[in-house]
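Colleague: Please take me through one part of this predicted model in detail. I should like to begin with a single side chain, and then to hear about the pockets and the contacts elsewhere.

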Amino acid sequence: MLIDTHTHLYLEEFQPSPQDAVTRAIQAGIKRMIFPNVDLSTIAPMQNLHNQFPQNTYLAMGLHPTEIKESWETDLSKVKNEFYQHKNKYIAVGEIGIDLYWDKTFKNEQMQALEQQFQWAVETNLPVIIHCREGLDEILEVLDGLVIKPKGVFHSFGGTNIDVERIRERGDFYFGINGIVTFKNSKLRETLPCIGIDRILLETDAPYLAPVPHRGKRNESVYLIHTAAHIAQHLSLTSEKVASVTTTNAKQLFGI
């Protein structure tokens, strides 16, 4: 069994039949999938798809950093209400973080929103799913300001050995590895030994970042098998070992 710890099969790219993508994944051995939220508009479709596969899917609630705009406080308040009113539905706070790749206008607001959502995780003893794109310094700054730090995963990780060490200094964190590791010019393969299999979570980030040999196509959770095989090859492990350890890692972090 494999667990896709980060997939957005509920997004419009999979309409009108997102259940087909879930079914394909289950049939391929990806028996569990975690759906992180993006913004206010994605809550309903995410929950609807989960309700069709309650034994195979799990939910995380948060506000994505690229959705932090002028109305961020109002939006975050609504997300917070959903999270606390139905917190038994959610196994993590996410997808949250810092993204300064496209626009740095709301950097301070992203940091404020991240701090608040970290606090939700601490208050509910849930892990966080962290999105980090050109924002590691800012995320670590927010973490350093917390009295109690949440555990969690740096999803879609693509950093260096030094980045791994800086993150580990802050606490109990895993690293989500997806199709990026299969890309021809990716340097992430060099970082895998530093991370170690005991700290790796498998993910797709579908519909984005499809692994080789599907690069450039719409990604799906079923393609997780290619990422797992690639990791096994570069860590000189069997595919069975990668499946076993990463599944245990996901179960430990998310309590599933």
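**A close look, beginning at Cys 132**

Modeller: Cys 132 is partly exposed, because its relative accessible area is 26%, a value between the limits of 20% for buried and 50% for exposed. The model is a predicted one, and it contains zero disulfides. For Cys 132 the reason is distance: the closest cysteine sulfur belongs to Cys 194 and lies 16 Å away, too far for a bond, since a disulfide requires two sulfur atoms within 2.5 Å. Cys 194 is likewise in no disulfide, the sulfur of Cys 132 being its nearest cysteine sulfur at 16 Å.

From the cysteines I turn to the pockets. The largest pocket has a volume of about 700 Å³, and 27 residues line it. Nearest its centre lie Asp 99, His 131, Arg 133, Ser 156 and Asp 205. Among the elements that each supply at least two residues of this lining are the strands β4 (90-99), β5 (128-133) and β6 (152-155), together with helix α6 (161-168). Strand β5 gives the most, with four residues. By chemical character, the lining of the largest pocket comprises twelve nonpolar, eight polar and seven charged residues.

The second largest pocket holds about 170 Å³ of space. Its lining consists of Gly 158, Gly 159, Thr 160, Asn 161, Ile 180, Ser 186, Lys 187, Leu 188, Glu 190 and Thr 191. Helix α7 (residues 188-195) provides the largest share of that lining, three residues. Here two residues of the lining are nonpolar, six are polar and two are charged.

Thr 66 offers a view of a loop. This residue sits between β3 (57-61) and α3 (72-85). Thr 66 counts as partly exposed, because its relative accessibility is 26%. Its side chain makes a polar contact of 2.9 Å with that of His 64 and another, of 3.1 Å, with the side chain of Glu 67. Farther along the chain, Lys 107 is 41 residues from Thr 66, yet their C-alpha atoms are separated by 10.0 Å.

The remaining subject is the aromatic rings, of which the structure holds eight pairs. In one of them, the ring centres of Phe 83 and Tyr 90 are 6.2 Å apart and the planes meet at 35 degrees, so the pair is tilted; planes between 30 and 60 degrees fall in that class. Both partners are buried: Phe 83 has a relative accessible area of 0%, and Tyr 90 one of 3%. Tyr 84 and Trp 120 form another pair, which is edge-to-face, with 6.4 Å from centre to centre and 75 degrees between the planes. Because Tyr 84 belongs to helix α3 and Trp 120 to helix α4 (residues 107-124), this pair ties together parts that are 36 residues apart in sequence. Tyr 84 is partly exposed at 24% relative accessibility, whereas Trp 120 is buried at 2%. Ring pairs join Phe 83, Tyr 84, Tyr 90 and Trp 120 into a cluster.

How values were computed. Residues numbered from 1 in each chain as written. Predicted model: local features only at pLDDT ≥ 70, side-chain atom pairs only at ≥ 80, totals over all residues. Heavy atoms only, no water. Buried < 20%, exposed > 50% of the residue type's maximum accessible area, 1.4 Å probe, protein only. 1 Å grid on protein atoms, 1.4 Å probe; cavity = no way out; pocket = protein on both sides within 12 Å on 5 of 7 lines; lining within 4 Å. Points joined across faces, edges and corners; volume = space filled by probe spheres on them. Nonpolar A, V, L, I, M, F, W, Y, C, P; charged D, E, K, R; others polar. Polar contact = N/O pair within 3.5 Å; in protein donor to acceptor, adjacent residues only side chain to side chain. Phe/Tyr/Trp six-rings, centres within 6.5 Å; stacked < 30°, edge-to-face > 60°.
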